[in-house]
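Reader: I would be grateful for a close look at one loop and the parts around it, with the cut-offs spelled out as you go. Please take your time and keep each statement tied to what can be computed from the coordinates.

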Amino acid sequence: MPNRRRALLVLAILLGLAGLSLGAALLAGSVATGPAELLSLLGGEPSLAAEVVLQLRLPRALAGFACGGLLALAGALMQVLLRNPLADPYVLGISGGAGVGALAAILLGLSGLGLDVFAFCGALGALLLVFGLAHGDGSWTQTRLLLTGVIVAAGCGALVALMLSVAPESKLRGMLFWLMGDLSQAGTPWPTLGFLALALLLALPYARELNLLARGAESAQTLGVAVGRLRGLVYFIAALATAAAVTSAGSIGFIGLVVPHLVRLAIGNDQRLLLPASVLAGGTLLMAADTLARTIIAPEQLPVGVLTALLGVPIFLFLLSRTGGRP
């Protein structure tokens with residue numbers, strides 16, 4: 001019971017932090033907005049500030065929350081699937097595939113929906129390629145899946161480098177911003193929020209089986225878990241969550257790597273609580289990082305992926321030192 005109370009307290013704290021981060025995202029920017037003015041804007045009074053807050057800041061903040069939640073959820077699932085607390089949602093080449101699709105769209109002069117479609121198709125292509133190669137002969141091991149993902153990611157990285165080398169200078173900035181992670185072109189947040197809700201609803205019913213899988217495949221199978229089916233399901237949920245996040249915001253690193261591990265340190269390894277807590281923590285962190293990215297050197301904006309990397313590197317090194325260099 002004390003552990004349950006602690007977990008619920010952590011969830012309540014994370015929910016409060018998410019609200020504070022959303023409020024900060026709506027207030028901060030080149031157009032000064034105070035808390036009292038924000039309340040009047042949300043009441044429907046038309047003005048320039050209302051246009052900025054409701055049409056620009058709110059959709060961007062919600063998109064940031066959705067992408068951060070998707071990446072954290074994917075990271076938590078990948079860490080169970082690979083039984084490695086330092087696994088990353090990009091480890092299976094999904095980000096690389098999305099990068100190839102997005103840069104191809106930019107080279108063709110596409111933007112908006114066209115870029116999103118190309119990026120998602122690239123991510124889906126990488127997903128199917130990894131799954132087909134890793135499961136081609138009927139075998140399914142963590143090592144085989146990981147090695148296949150690493151090879152596909154390396155191939156996608158080579159294609160990205162090739163496209164950058166032949167791209168005209170007028171398009172290089174946009175391509176580099178996308179690769180570093182950028183929420184300024186995220187557009188409407190509702191599809192990404194829908195993906196987040198769907199991924200969480202698909203994963204939560206299998207939380208008990210995921211707890212057993214985290215103890216080892218043989219132990220889980222002995223206790224009645226269909227390990228092969230569960231692994232395939234977890235892989236597709238994590239891969240689609242990663243694809244949706246990368247399509248919306250580009251490659252944003254370290255959210256899916258460090259957030260689930262930090263949440264695990266706070267509330268334990270029970271997936272029934274870990275998965276929703278990771279979503280809240282990841283979404284809050286990315287919202288806060290994006291607010292900093294667009295205000296720290298305003299009116300210029302930084303790619304949010306740069307800030308998450310600057311935060312993530314020291315945390316990753318700290319976690320690595322705690323594990324003694326072991327998975």
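Author: F254 is partly exposed, with a relative accessible area of 22%; here buried means under 20% relative accessible area, exposed over 50%, and partly exposed in between, for a 1.4 Å probe and protein chains only. The model is a predicted one, in which local features need pLDDT of at least 70 and side-chain atom pairs count only at pLDDT 80 or more, while totals for chains, interfaces and linings use all residues. Residues are numbered from 1 along each chain as its sequence is written, and side-chain values use heavy atoms, with hydrogens and water left out.

F254 sits in the loop between α11 and α12, where helices are DSSP runs of H or I with at least four residues, strands are runs of E with at least two, and both are numbered from the N terminus. Although F254 is not a glycine, its phi is positive, at about 75 degrees.

The same loop, which joins α11 (227-249) to α12 (255-267), also holds S251. In contrast to the partly exposed F254, S251 counts as buried, its relative accessibility being 16%. The side chain of S251 makes a polar contact of 2.8 Å with the side chain of S95; such a contact is a pair of N or O atoms within 3.5 Å, and within protein one atom must be able to donate a hydrogen and the other to accept it, with residues adjacent in sequence counting only if both atoms are side-chain atoms. If neighbours within four places in sequence are set aside, S251 is in contact (heavy atoms within 4.5 Å) with Y90, S95, W178, L179, M180, G181 and V246.

V246, one of those partners, belongs to helix α11 and is buried, at 0% relative accessibility. Leaving out residues up to four places away in sequence, V246 touches Y90, S95, A98, W178 and S251. The C-alpha atoms of V246 and L179 are separated by 9.4 Å, with their positions 67 residues apart along the chain.

S95 falls within α4, which covers residues 94-107, and this helix packs against α6 (residues 142-166) at an angle of about 20 degrees with the axes 8 Å apart; the axes are lines fitted to C-alpha atoms, for helices over the stretch in contact, and angles run from 0 to 180 degrees between N-to-C directions. The two helices, α4 and α6, are therefore roughly parallel to each other, given that angles under 35 degrees count as roughly parallel, over 145 as roughly antiparallel, 65 to 115 as roughly perpendicular and the rest as oblique. On the α4 side the contact is made by G96, G97, G99, V100, L103, A104 and L107, and on the α6 side by C156, L159, V160, M163 and L164. The crossing of α4 past α6 is left-handed, a term for a near helix turned anticlockwise from the far one by less than a right angle, whereas clockwise is right-handed.

C156, one of the α6 residues in that contact, is buried, with a relative accessible area of 10%, and C67 is buried as well, at 0%. A search of the whole structure nevertheless finds zero disulfides, a disulfide being a pair of cysteine sulfur atoms within 2.5 Å.

A second helix pair is formed by α8 (residues 190-203) and α13 (residues 271-295), which pack at an angle of about 165 degrees with their axes 10 Å apart. That angle makes α8 roughly antiparallel to α13. The crossing of α8 and α13 is right-handed, and it brings L196, L200 and A203 in α8 against L275, P276 and V279 in α13.

R60, in helix α3 (residues 48-81), is buried at 11% relative accessibility, and, apart from residues up to four places away in sequence, R60 touches L183, S184, D290, R294 and Q301. L133, in helix α5 (residues 113-134), is partly exposed at 47%; counted in the same way, L133 touches R144 and T148.

As for the setting of these parts, the protein has 14 helices and zero strands, and 48% of its 327 residues count as buried. Among contacts between residues at least 6 apart in sequence, 75% join residues at least 24 apart.
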